[in-house]
Each structure stands twice: as C-alpha cells, then as structure tokens.
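Colleague: Let's go through this one together. Mind if I just fire questions at you?

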Amino acid sequence: MAKSTKSSNKRARPLAAVILAAGQGKRMRSARPKVLHDVAGRPLISHVLGSVAALGASPTVVVVGHQADAVRAAVGNGKVATVLQSEQLGTGHAVMQARPSLDGFEGDVLVLCGDVPLLRSETMQELVLEHRRAGAKVTVLSAKVEDPTGYGRIVRGKSDGELRIVEDADATDDEVMIDEINTGTYCFDAQFLAAELDRLGRDNAQGEYYLTDLIEIASLQGAAACATLEEGEEGLGVNSRADLARVESLLQERLILEWMDQGVTFLDPPSTMLSVDVRIGPDSVIGPSVRLAGATIIGAGCVLEGASFLRNTRVGDGALVRWGVVADDAVIGEGAKVGPYAHLRPQAELGADVHIGNFVEVKKSTIGARSKANHLAYIGDSTVGEDANIGAGTITCNYDGFRKHRTVIGDRVQIGSDTQLVAPVTVGADSYIAAGSTITRDVEPGSLAFNDKPQRVRGGWVESFRSRQAPKEKK
Ligand code: UD1
Ligand code: CA
C-alpha cells in the first residue's frame with residue numbers, strides 16, 4: 001500500500017469504526033480475555049483504540065462478549081460505545097451486533113480486530129483513502145507473511161477485483177500455500193455492510209458467521225478491493241502466547257527506534273523494555289536490562305546504568321540511576337544519584353542532588369535537596385530536610401503493629417550510623433545524633449542526642465579466654 005503524501009481528506013465523508021473484541025482467545029489458554037493481555041504496558045485493545053482515536057471515527061463501537069465487563073472497564077467504560085455479543089458466533093455475527101449503533105450512519109465503516117495491535121493509524125487512514133479512491137464497497141487490508149498458518153488467505157481471481165477470503169480451516173491444499181493473508185481489517189461502505197450482513201451463513205468448518213464472506217459478495221458486484229501492507233508485520237494478530245511475545249518484541253523495537261530519533265541512547269536495545277506511556281529526555285543513556293513501565297518520565301541527560309525497573313516514576317534532568325535500582329511511584333530529583341541496589345517504594349520523593357546509596361529503601365518519604373543516605377538504611381513515612389546526612393544502618397521504626405507513624409528530620413541533621421528513630425519522632429534542624437542511638441523522644445534543634453551506653457573494657461581478657469578454650473579443643 002502506497003503511503004499518501006497528502007493526508008488531508010477533502011471529501012469529508014463520515015467514518016465510523018467497529019472493533020471486534022468479544023472472543024475468548026482459546027489459544028491463549030488464559031483466564032483473561034485475549035484483548036486484555038498487555039504489550040508495551042497496555043492491553044492489546046488499547047493499542048487498537050489508540051490508533052483509531054487519531055482518525056476521529058464517530059461512532060467508534062467496541063463489540064464485547066467474553067468477560068464483557070472487564071473489557072468494557074479496560075476501554076474506559078463509556079468513553080467509547082460498546083455493544084454486547086452474548087454468544088460468540090463469529091466475526092460476521094459480531095458486526096451484526098454493532099448494526100443498531102450504525103443505524104442511519106452514512107459513510108464508511110472501518111472494521112478492526114482487537115487483537116491486531118501493531119497497525120498504525122496512518123495505515124488505517126491510508127486504507128480508508130484507498131477504499132474511497134477505488135470506489136469499492138469493501139476494501140480488505142492484506143499482508144504478505146512468512147508463516148500464514150491460522151490466518152484467512154486472500155484468494156485472487158483472474159481480474160483485479162475478483163477476490164475472496166478462505167479461512168485456514170476451510171482452505172484447500174492449494175489455498176493453504178497462499179502467503180497473502182487477511183489482517184482482519186476492512187473498510188466497508190456503510191449501506192453495503194448493513195444490507196449484506198444478513199446474507200452470511202454458517203456453512204463452514206467452524207460453523208461461524210464469517211465476516212470475510214462479505215468480500216466475495218462484494219466481488220461478485222464488482223466492488224471489492226484489497227490493499228496490501230508494505231510491512232507485513234504490522235498486520236500480525238495475537239492468537240497465542242508466542243504471538244504475544246513476537247508482537248511485544250516488534251513493538252519494543254518500534255518504540256526504542258522512536259526514542260533514538262528523539263536523541264536517547266540505548267546501550268542494549270534488545271534487553272530494554274518500554275511502555276508506550278514512557279517519556280525520555282534527549283541525551284539520556286539507557287543501559288542494558290532496563291524496564292521502564294507505566295507512565296515513567298526520564299528527564300534529559302540522565303544515565304540509567306542498567307538492570308533497573310522503574311514504574312510510574314519521574315526522574316529529573318541529569319540524574320544518575322546506578323545498577324540494580326527498583327523504583328515504583330517515586331520521584332527522583334534533578335541531579336540525584338540512586339543506587340546501586342536501592343529500592344524506592346511508592347511516594348518516595350527525592351529532591352535535587354539527593355544521594356541514595358546501596359541497600360537503602362525509601363517509602364512514603366520526602367528527602368530534601370542534597371541530603372544523603374548512602375548505605376544500608378530504611379527511611380519510611382518520613383520527612384527529611386535539606387543537607388541532612390543519614391548514616392549507615394539508620395532505621396526509621398515506623399510501625400507499631402497497628403499504625404504507621406512519621407519521622408521528621410530537620411535540615412542539616414547528622415544521624416550517626418546504626419541509629420533507630422522510633423516514630424512518631426522529630427529531630428530538630430542542625431541536631432547531631434550519636435552513632436548507635438535509639439531515639440524515642442523529640443530532639444530540640446541544634447542538640448546532640450545520645451543514649452547512655454557506657455563502654456567497658458576488660459584488659460587481658462582475650463589471652464585468658466584462649467587459654468581456657470585450648471584444653472577443651474584437644475579432646
Ligand atoms: C480472523 C479472520 C481471518 C483473519 C484473522 C486476522 C474471520 C472469519 N477470520 O480470524 O481471516 O486472517 O482474523 O487476525 O473473520 N471476535 C468477536 N466475536 C466472535 C469472534 C471473534 O468479537 O464471535 C473477535 C475476537 O475477539 C478477535 C477478532 O474478532 O478480536 C478476531 O477473532 P479470531 O477468533 O481471533 O479470528 P481469527 O481466527 O484470527
Ligand atoms: Ca485473530
């Protein structure tokens with residue numbers, strides 16, 4: 001299919017869309033309906049809806065059936081119209097259910113499958129334009145693929161418009177050899193669709209109403225056309241877990257190329273996984289085995305060394321995320337350094353230039369600019385001011401078995417190593433906490449707090465201990 005240089009469509013012929021999503025997807029062997037399996041962080045059906053949205057098709061109708069409520073919820077209950085196909089009697093039957101929603105609609109109807117997520121909106125648009133140029137009643141979108149197994153095959157006759165589709169299950173030995181497949185994407189003239197749907201029967205291998213039979217019906221009226229994808233992979237449908245993995249990797253390749261075009265470096269693209277909702281600033285470097293999930297936003301000039309998982313996390317410009325960081329619903333300030341091996345749990349908010357080092361866990365806490373917790377600490381339910389230093393092994397004891405309590409640490413506070421802060425507790429600004437303290441009461445600003453733990457020494461103890469042990473060992 002040739003790409004149009006002009007995307008403007010002067011004939012303002014109305015466009016509607018019907019997305020088929022009622023099937024169970026038996027070959028997935030899943031408790032979840034097929035169209036709700038995720039690729040690049042979103043359900044298959046959302047990818048299709050996202051591409052359709054750009055076309056402004058109205059109405060856009062999703063046919064739901066198997067686990068209808070779950071599918072309705074995923075398509076944003078009420079955001080697009082849904083119709084129920086209570087028994088899944090085939091793709092033709094699914095479109096029949098959408099007919100009342102199209103009552104009185106004049107124009108073209110794009111029919112798409114909810115399990116074909118790689119199709120770009122530009123391609124959908126081009127299909128519509130080609131359909132209109134050809135003056136066809138139906139135009140099917142085909143693709144040439146290496147392995148056509150499972151797909152409907154495009155059977156072309158002697159003349160250009162002589163077309164039909166034969167399903168895999170119904171194909172003859174010759175027909176199964178055809179490598180041009182039906183992507184399950186069509187543009188119909190609305191009146192043709194409304195009038196001819198009733199002619200579909202169930203006399204086939206699967207006993208289903210095949211939407212694909214409408215191609216031959218149009219062909220006999222001299223009004224069928226076929227547009228072929230330039231990149232066949234765009235038309236891949238997901239029927240199995242293997243297809244899901246294949247589509248995921250193709251989508252990752254596509255997303256990563258897009259971000260490379262925006263000035264992002266990926267050290268090992270094949271091991272990187274992005275969600276479609278991720279944003280990455282220019283001159284950031286993403287190391288191997290990094291997964292960015294949800295609506296994660298990475299600023300400009302950041303370095304993610306590798307082996308990290310960030311979900312719904314915002315990373316400020318120039319931050320360094322070292323090896324092995326897990327961050328979930330967190331904020332990392334500009335120029336901050338995190339890791340290696342740090343865990344930022346929900347609502348961890350690090351200010352600018354904060355340092356969080358190895359084996360430090362932060363949860364539901366804000367940490368002010370330039371403050372540091374560089375080694376082995378747990379900071380939970382806390383507010384830490386600016387320029388504070390939290391020593392190695394500091395623990396906020398935030399949980400009494402019933403409730404979580406807050407710890408407040410003021411600006412410029414120095415917390416000595418191996419300190420327990422038993423919440424609720426406040427350490428005033430500029431205070432020092434001696435190493436090994438257990439702080440149970442508030443500390444006034446500017447104070448030194450410590451526990452009386454006098455050091456005692458027994459001189460010569462080791463020598464006498466060793467001589468007491470030696471005879472026992474000989475036995
Ligand atoms: C269908 C096409 C096939 C094409 C392939 C492309 C038919 C008869 N066959 O086959 O030519 O190559 O898609 O991927 O159309 N659905 C419903 N209600 C139903 C049945 C299906 O809504 O009663 C939905 C499914 O949820 C799915 C889509 O229609 O999103 C396609 O159904 P599926 O069973 O996967 O069809 P295929 O056998 O792949
Ligand atoms: Ca399919």
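Colleague: Which residues come nearest to ligand 1?

Modeller: The shell around ligand 1 holds 24 residues, where a residue is in if one of its heavy atoms lies within 4 Å. Keep in mind that it's a predicted model, with local features needing pLDDT of at least 70, side-chain atom pairs pLDDT 80 or more, and totals for chains, interfaces and linings using all residues. Side-chain values use heavy atoms without hydrogens or water, residues count from 1 along each chain as its sequence is written, and chains are lettered from A and ligands numbered from 1 in the order written. The nearest are Gln 85, Gly 90, Thr 91, Glu 167 and Asn 182.

Colleague: How far is the polar side-chain atom of Asn 239 from an oxygen atom of ligand 1?

Modeller: Start with the backbone: polar atoms of Gly 23 and Gly 114 are polar contacts (N or O pairs within 3.5 Å) of ligand 1 oxygens, at 2.8 Å for Gly 23 and 3.5 Å for Gly 114. For Asn 239 a side-chain atom does the job, at 3.4 Å.

Colleague: How much of the accessible area of ligand 1 does the protein cover?

Modeller: On its own, ligand 1 has 750 Å² of accessible area, by Shrake-Rupley with a 1.4 Å probe. Of that, the protein covers 91%.

Colleague: Which element gives the most residues to that shell?

Modeller: Strand S1 (15–21), helix H3 (91–98) and strand S10 (180–189) each supply at least two residues; these are DSSP runs, at least four residues for a helix and at least two for a strand. With three residues, the top contributor is S10.

Colleague: Which residue forms a salt bridge with Asp 189?

Modeller: There are 22 salt bridges in the whole structure, meaning a Lys or Arg side-chain nitrogen within 4 Å of an Asp or Glu carboxyl oxygen. In this pair the closest N and O atoms are 2.8 Å apart. Asp 189 is in strand S10 and its partner in the segment before S1, so parts 176 residues apart in sequence get tied together. The partner is Arg 13.

Colleague: Which proline follows Ala 423 through a cis peptide bond?

Modeller: Most peptide bonds are trans. Gly 339 to Pro 340 is a cis one, omega near 5 degrees, in the loop between strands S24 (337–338) and S25 (343–344). After Ala 423, omega is about 0 degrees, in the loop between S35 (420–422) and S36 (425–427). That proline is Pro 424.

Colleague: What is the phi of Gln 67?

Modeller: Gln 67 sits in the loop between strand S4 (60–64) and helix H2 (68–74). Although not a glycine, Gln 67 has a positive phi, about 45 degrees.

Notes: A polar contact is a pair of N or O atoms within 3.5 Å; within protein, one must be able to donate a hydrogen and the other to accept it, and residues adjacent in sequence count only if both atoms are side-chain atoms.
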